[in-house]
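Trainee: I would like a close look at a single part of this model. Please take one residue, say where it sits, and then work outward through the strands around it.

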Amino acid sequence: SELPGPAPIRRLQESLINRIAAGEIIHRPASALKELLENSLDAGATTIRVTVKDGGLKLLQIQDNGSGIRRSDLPILAERFTTSKLTTFSDLTKLTTYGFRGEALASISHVAYLSVVTKTRTSTCAYKALYSDGKLVPAQPGQSEEPKPCAGNDGTTITIENLFFNTPTRLSALRNTSEEYARILDVLTKYAIHNPKVSFMCKKAGSSSPDLSTPSASTTRHAIKMLYGPSIEKDLLQIAVNEDMKGEVSWSSEVYFTNVNYQAKKTILLLFINSRLVESTRIKRAIENVYTGILPKGVSPFVYLSLKIDPRSVDVNVHPTKKEVHFLNEEEITMQICDTLQAKIAEKSHSRVFEYQT
Ligand code: ADP
Ligand code: MG
């Protein structure tokens, strides 16, 4: 018997290609939220309110009081590669965040129902627009897809409904809605600490009491205390490490970290590079190494590290969806920060011993 010949190669349908690409960027409700949060912060919001139903799968809504979006920009808002943050190639090397270069809203519109209500300061009314597959769509079949004037406050409200309704395998992998909600709260907690001047609020739809709420005009230290419990404050140390070299890569960092008396079960690491929440196995390992010799077994620290580096030193070839991040002089920078951190912990535990002796 003969083997069957090769199957013919066919081009995937455009809509399927878009859905697959979107899934690479939007993994779960918390990754959609992270994109929306950064958009609100980029728009200068000082208040951000999040409403969630079924772990963000049924509903994920974020309301901000930022700049709003002009009526004339709404038709292309959810198209791929449409952005107000980048116009020339040289801008790319100056980017201070690892934003998605105009891909976030587009991606979301391919895997969910997306609606936007927005009002700029100078507009007399708000506008509501609905999107699907990157384009404006009418609210009802037969109606116009044009954005409709409506009442609304200054700022933008983005509503995502039925996330992953058209990608059933992704949806079935995310059945645990309380875990998804926990991830949403975790992302919000971290951004709230990094942006203590902004007031954040998060609640489940239909609930009157928020699960997370921070005041505006706060400080990093106060935000950490509010969100990780008041007992952390007395154990919280703080350093700033910078380097400025003439014409060379310069960087600065701010670190809040716990001393020997603090005992977490797992390492809590909040790592922001140029204000974007990222992960770095190398930095995490280096920090854990500092504490291994100091803390008893089974006990872990809390560390918030904000690192600002020259955007030119971030590897632009690293795909933005990769949470892992790499940058120039990573090893030296990590070492300098960890050395300073270690010295501070040592200094503080000495003075404690000294106090006890006197
Ligand atoms: P990017 O953030 O990379 O530009 P997005 O798809 O996340 O891409 O957003 C596209 C554009 O929509 C942004 O550049 C911005 O102009 C606008 N936008 C999105 N969200 C908001 C918001 N909350 N407030 C004001 N403008 C927004
Ligand atoms: Mg964005």
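Mentor: What follows starts from one strand residue and moves out to the strands that pair around it. Keep in mind that this is a predicted model.

The residue is Ser115, which lies in strand β3, residues 113–119. Ser115 has 19 other C-beta atoms within 10 Å. A residue counts as buried at 20 or more such atoms and as exposed at 12 or fewer, so Ser115 is partly exposed. Leaving out residues up to four places away in sequence, Ser115 touches Lys128, Ala129, Leu130 and Thr159. The C-alpha atom of Ser115 is separated from that of Val137 by 9.8 Å, and the two residues are 22 apart along the chain.

Take the β7 side next. Strands β3 and β7 run antiparallel and are joined by 7 bridges. One pairing is Tyr113 with Glu161, its bridge partner in β7. β7 spans residues 155–161 and also pairs with strand β2, residues 59–64, again antiparallel, through 6 bridges. There, Asp64 stands opposite Thr156 of β7.

Now β4, residues 126–132. Here 5 bridges join β3 and β4, and the two strands run antiparallel. Thr118 faces Tyr127 of β4 across this pairing. The connection from β3 to β4 is a hairpin of 6 residues.

Strand β4 has further pairings. With β6, residues 148–150, β4 forms 3 bridges in the antiparallel sense. Tyr127 appears again here, since its bridge partner in β6 is Pro149. With β5, residues 135–137, β4 is joined by 3 bridges, also antiparallel. Leu130, one of the residues that Ser115 touches, has Val137 of β5 as its bridge partner. Between β4 and β5 there is a hairpin with 2 residues in the turn, where Asp133 has a positive phi of about 50 degrees.

Read outward from Ser115, then, β3 is bridged to β7 and to β4. Beyond those, β7 is bridged to β2, while β4 is bridged to β6 and to β5. As a general point, side chains in a regular strand alternate between the two faces of the sheet. That is worth having in mind when you follow β3 on the screen.

Key:
Residues are numbered from 1 along each chain as its sequence is written. Chains are lettered from A and ligands numbered from 1 in the order in which they are written. This is a predicted model: local features need pLDDT of at least 70, side-chain atom pairs count only at pLDDT 80 or more; totals for chains, interfaces and linings use all residues. Helices (H or I, at least four residues) and strands (E, at least two) are DSSP runs, numbered from the N terminus. Two residues are in contact if their C-beta atoms, placed from the backbone, lie within 7 Å. Two strands pair if DSSP finds at least two bridges between them.
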